[in-house]
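Good morning, colleagues. Please look at the model on the screen while I describe its surface beside the DNA and then its internal spaces.

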Protein chains: 2
Amino acid sequence: MSTIGKALSLLDLISELDKDIGLSDLARLSALDKATARRFLVELERHGFVEQDEETRRYRLGAAPVRLARLRQARFPFVAVAAPFVKALAEEAGETVHLSEFSGGRLSTIHVEDSAQAHRVIVDPGAVLPFHATASGLAYLAFLPPGEIDRALARPLERFSAHTATDAGAVRTLLRETVERGYSISQQGFEIGVISAAAPILTPGGRPMGALAVAAPTARADMARMHEIGRKAAAAARGIAEKYYGGRT
Amino acid sequence: MSTIGKALSLLDLISELDKDIGLSDLARLSALDKATARRFLVELERHGFVEQDEETRRYRLGAAPVRLARLRQARFPFVAVAAPFVKALAEEAGETVHLSEFSGGRLSTIHVEDSAQAHRVIVDPGAVLPFHATASGLAYLAFLPPGEIDRALARPLERFSAHTATDAGAVRTLLRETVERGYSISQQGFEIGVISAAAPILTPGGRPMGALAVAAPTARADMARMHEIGRKAAAAARGIAEKYYGGRT
DNA sequence: AAATACTGGTTCAAATATTGAACCTCAAGG
DNA sequence: CCTTGAGGTTCAATATTTGAACCAGTATTT
C-alpha cells in the first residue's frame, strides 16, 4: 500500500474514535511504527486533517474536512436536495430516516432525520454501513452491475447480529427480492430490535450512488407496514434522484 | 516535502477548482509528474477524497470529507453553536456575516449568513482568508503570541487590492489597533468596495481559533457605523466562545 | 484524409523518501 | 529511586516513489 493510502487509513482510524488518542496507542491500533505514525500525524496536522491537543498531546480529527465538505456540498448539494424528502418521509412513516452516500468504497450515513416518536431508532451520523447487513447496503448492492456484486460478496461476510445473513447465497436471495420490489428490507441484520427498509438512489446512468432508509423498532414493524414504508422510500428516492440530477447534464 | 504532504496539497488544489479537471491539466497545475499525479489521484479516490467522472475521466473533490466533517462537527459543534450568533449579528448589523476557523495553517470560511439587503457583500463559502489583508485575518493575527505574528509577517505579503497593507510595519499598526479595540477593521484590503470589521474567537487559553466578521459595501460603511458593528461583533464572538467552551474543560 | 497535438494512462530503472530499532527525556506509579 | 510507559527523535538500511519515454485513443489542423 502506498504511503498516502496508509496515511488516509490512519485518518480513517482516527475518525472512528470518539475521543482523542495518544501516539503510542495510535501506533498500536494502526499497526504502524511509532515514528511512522508520528510523521503521518505531523503531515496530516499541517493540512488540518488532524489536530493535536496542546495540553494532552493527544490527537483528534481536525477541521479541514469541514471546509472541503462545504466546497463539495456547494457543487453537489446532495444532502441539501435530499433533506426535504428525508424529512417528509420521516413524518409520513413516523420513523427515523437516514440517507447514505457511497464514497471511498463504503456507504456512509450523511444525513439523519429522527422520528418524532419517543421510542425511535437512533442512527449514528457518519456511521459506515456494511453492504450485506443493512437495508441501505442491500439496496445499494442490488442495483450494482453483477460483477461488482460478486466482488462484494467474495470476501467473508461479517456477522453483526444473530440475524445477519453471512452466506453469499442468502444475500443474493435478498438482492433478487430487492431488485423485484425496488426496495430492500433488513430484519435485524445489523442491530437487534431494528427493522429497516431502504431504496437506492440511482444516477441517470442507472448506477446506485446512495440509499434512503427507514429504520423502525421491531415492536412497530409488522411486514405489511414495512412493505408500505419500502414503497414510500422508493418513491422518495426517485424524487431525490430526479431533483438532484434534474439540473445537470 | 513528504508524499502525504504532496498528496494533500494536490487535494487542496482540486478543492480550489470549481469544475472538474483532467489529469494533464492537474499535473501541470500542481507541478507534479503526470504519473505521480495519477498515483496520488488513484489513492485519494480509493478513500473517497477525490472522484473521477466515469464519462469525462476528469477529477473532482469527493464525498469523503462530508462524512469526516459530520464526525468532526458531532464532537466539536463550532458551526452549530456559532450559527445563531452569526444570524443574530447579520440581522442586527444588516450586513453579511461570516465565521472562519483556523485549521491547517489557514483561516477558512466555514459559515456565512447573508445580509437581508438587496445590495450586500457575497462571501465564498470555503474561501481561504489571507491574514494580513482581511478583517478576519487581522483579528486572528492580532491575538496570536508575538513570535507567531513575526513568523506570519516574515514572508512577503501578497497584494490583493490597491488598499492592501503589504508592509509589515503597516500591518503591525493595524494589529495594535485591533488589540486595543478588541476588533479589527479592514478597508478594502482584500476586495475593492468592501469594508469589514472582525473579532477573534478565543479559546479559554486566550489563543485565537477563528474569527467572526461583518462585511459591508463601502457605500453603507462610514467609520462610526463600522466601529459600532465591530463592538457588536466582539460581543458576539465572546458569546460564541463562552457557549462553545462553556460545556468543556 | 493524413498529419499533428493533444488526451488519459502505463512502464521500469534510477533516485529518493520511508522505515523502524534504538535512543532520548519526562512524568507517573510502585 | 527504580520501573514503566508516555511523546518524540535519529539515521543507516530499505522499500517506495519518481519521471522520461512509451502506448492507444481522439480531437484539431493542415
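**The surface near DNA strand D**

The largest share of the surface near DNA strand D, 4 residues, comes from α3(B); helices here are DSSP runs (H or I, at least four residues), numbered from the N terminus. This is a predicted model, in which local features need pLDDT of at least 70, side-chain atom pairs count only at pLDDT 80 or more, and totals for chains, interfaces and linings use all residues. Residues are numbered from 1 along each chain as its sequence is written, chains are lettered from A and ligands numbered from 1 in the order in which they are written, and side-chain values use heavy atoms, without hydrogens and water.

In total, 19 residues surround DNA strand D, where near means that a heavy atom of the residue lies within 4 Å of the strand. Sugar and phosphate make up 67% of the strand's atoms that come within 4 Å of the protein. Phosphate oxygens of DNA strand D lie 2.8 Å from a backbone N or O atom of Thr3(A) and 2.7 Å from a side-chain N or O atom of Lys6(B).

**The second largest cavity**

I turn now to the interior. The second largest cavity holds about 30 Å³; a cavity is a set of points on a 1 Å grid over the protein atoms alone where a 1.4 Å probe fits but cannot get out, and lining residues have an atom within 4 Å of a point. The volume is the space filled by probe spheres set on the points, which are joined across faces, edges and corners. Its lining includes Ile4(A), Leu44(A), Ile4(B) and Leu44(B).

Notes: On a 1 Å grid over the protein atoms alone, a cavity is a set of points where a 1.4 Å probe fits but cannot get out, and a pocket is an open set with protein on both sides within 12 Å along at least five of seven lines; lining residues have an atom within 4 Å of a point. A polar contact is a pair of N or O atoms within 3.5 Å; within protein, one must be able to donate a hydrogen and the other to accept it, and residues adjacent in sequence count only if both atoms are side-chain atoms. Helices (H or I, at least four residues) and strands (E, at least two) are DSSP runs, numbered from the N terminus.
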